[in-house]
Amino acid sequence: MTVAPDRIAWLQGSAFRCDPEPEAPERVYRLALLGPPGVGKGTQAELLCQHLGTCHLSTGDVFRAAFTGACTLSPALAAAQDTMRRGELVPDDVVILLVRERSRCLRCRGGFLLDGFPRTVVQARALDAILAEQGIALDGVISYHLPLDAIVARLGGRRICPQCKAVYHVTSHPPRQEGICDHCGTALVRREDDCPEAIRVRMQAYEADTCPLIDYYQAAGKLISIPASGTPEEILLRTLAALGVPEVQRSGTGRA
Ligand code: AMP
């Protein structure tokens with residue numbers, strides 16, 4: 001079994017090299033994921049990366065890694081920490097700088113799956129510019145959607161691994177041993193911003209800032225809209241089919 005890269009170049013900055021270096025898959029995918037909090041984006045990102053060989057580039061993970069003391073906080077990142085705790089969006093210029101500093105990851109031979117960026121049209125334009133500078137472009141933007149009551153139920157049971165960032169759900173995607181990460185054995189936690197007040201603020205932020213992105217990518221002909229109902233495996237199969245992944249490569253999507 002191939003070991004997934006540790007994503008250290010993304011989490012801690014381009015001075016670091018991922019271990020192991022990502023392998024070049026047969027087809028390189030460069031994708032971004034959209035969807036409201038709780039729609040199951042994190043789980044899909046993990047599954048899609050396993051199937052496509054892409055690297056999971058989550059801006060939320062970069063902030064969380066920075067705030068756990070893995071690196072020294074710049075004044076902008078320290079301010080971002082308070083913003084994030086309240087469930088609000090970090091200012092565009094801070095996030096864009098953070099991604100620009102990691103643009104080497106966008107050229108990665110394994111391809112990438114951006115998760116949580118872009119979140120606003122300003123960020124989407126900045127991403128287009130950064131990618132154009134690198135001579136590459138997005139293959140598609142996957143937008144997951146689900147009714148609000150289903151989202152609220154999902155968020156209540158979400159648990160994450162603070163070590164390897166794997167995402168679980170107490171009922172729909174439980175770890176093999178309750179409260180313990182399948183991948184690295186770390187005790188699972190509830191995210192700080194999964195408390196009811198922060199969830200409400202994040203939903204409002206999504207409605208106001210991120211929905212216009214759907215129009216932006218629709219107009220650019222990049223939008224791939226996927227219903228996020230059903231099990232993680234069903235959603236994954238739907239997504240792989242929409243990406244045109246050959247059926248033979250879609251096998252083995254069931255969990256052991
Ligand atoms: P996520 O893990 O993607 O849900 O992100 C968690 C939090 O990090 C968000 O609620 C924001 O406070 C912050 N954040 C992550 N990515 C972005 C972004 N692209 N723009 C603004 N804030 C972000």
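These exercises, with worked solutions, cover a predicted model.

**Exercise 1. Check the length of helix α7, then find its buried side.**

Step 1. Helix α7 holds 14 residues, 121-134. At 1.5 Å a residue, the helix should span 20 Å. Its end C-alpha atoms are 20 Å apart, so the expected span and the model agree.

Step 2. List the buried residues, using the cut-off of under 20% relative accessible area. In α7 these are Gln123, Ala124, Ala126, Leu127, Ile130, Leu131 and Gln134.

Step 3. Place them around the axis. They cover an arc of only 160°, which puts them on the same side of α7. An α-helix has 3.6 residues a turn, so residues three or four places apart point the same way.

Step 4. Turn to the other face. Away from the buried side, α7 carries the exposed residues Arg125, Ala132 and Glu133.

Step 5. Look just past the helix. Gly135 follows α7 and has a positive phi, near 75°.

**Exercise 2. Describe how the protein surrounds the ligand.**

Step 1. Start with the neighbours. There are 16 residues around the ligand. Thr59, Arg64, Glu88, Gly116 and Gln123 come nearest. Gln123 is also one of the buried residues of α7.

Step 2. Find backbone partners for ligand nitrogen. A polar backbone atom of Gly116 is 2.8 Å from a nitrogen atom of the ligand. For Val90, a backbone N or O atom lies 3.0 Å from a ligand nitrogen atom.

Step 3. Find a side-chain partner for ligand oxygen. Arg191 places a polar side-chain atom 3.2 Å from an oxygen atom of the ligand.

Step 4. Ask how much of the ligand is covered. On its own, the ligand has 480 Å² of accessible area, and the protein covers 96% of that.

**Exercise 3. Sort the residues of strand β7 by face and identify a pairing partner.**

Step 1. Strand β7 spans residues 223-227. Ile224 and Ile226 form the covered face. Leu223, Ser225 and Pro227 form the uncovered one.

Step 2. Compare with the general rule. In a regular strand the side chains alternate between the two faces of the sheet.

Step 3. Identify the partner. Strand β4, residues 140-145, runs parallel to β7, and five bridges join the two. Val141 stands opposite Leu223 of β7.

**Exercise 4. Buried or exposed: classify Asp115 and Asp19.**

Step 1. Locate Asp115 in strand β3, residues 112-115. Its relative accessible area is 8%, so Asp115 is buried. The Asp115 side chain makes a polar contact of 2.8 Å with the side chain of His56.

Step 2. Locate Asp19 in the loop between α1 and β1. Its relative accessible area is 55%, so Asp19 is exposed.

Step 3. Relate Asp19 to Pro5. The two are 14 residues apart along the chain. Their C-alpha atoms are separated by 5.3 Å.

**Exercise 5. Pick out backbone features in the loops.**

Step 1. Examine the bond between Asp19 and Pro20. This peptide bond is cis, with omega about -5°. Pro20 sits in the loop between α1 and β1.

Step 2. Examine the bond from Phe117 to Pro118. This one is cis too, with omega near 0°. Pro118 belongs to the loop between β3 and α7.

Step 3. Check phi at Lys165. The value is positive, about 75°, although Lys165 is not a glycine. Lys165 lies in the loop between β5 and β6. At 17% relative accessibility, Lys165 counts as buried.

Note on methods. Residues are numbered from 1 along each chain as its sequence is written. This is a predicted model: local features need pLDDT of at least 70, side-chain atom pairs count only at pLDDT 80 or more; totals for chains, interfaces and linings use all residues. Side-chain values use heavy atoms; hydrogens and water are left out. Helices (H or I, at least four residues) and strands (E, at least two) are DSSP runs, numbered from the N terminus. The expected span of a helix is 1.5 Å times one less than its number of residues. Buried means under 20% relative accessible area, exposed over 50%, partly exposed in between (1.4 Å probe, protein chains only). The arc is that of the directions from the helix axis to the C-beta atoms. A residue is near a molecule or strand if one of its heavy atoms lies within 4 Å of it. A polar contact is a pair of N or O atoms within 3.5 Å; within protein, one must be able to donate a hydrogen and the other to accept it, and residues adjacent in sequence count only if both atoms are side-chain atoms. Accessible areas come from the Shrake-Rupley method with a 1.4 Å probe; for residues, only the protein chains shown count as cover. Two strands pair if DSSP finds at least two bridges between them.
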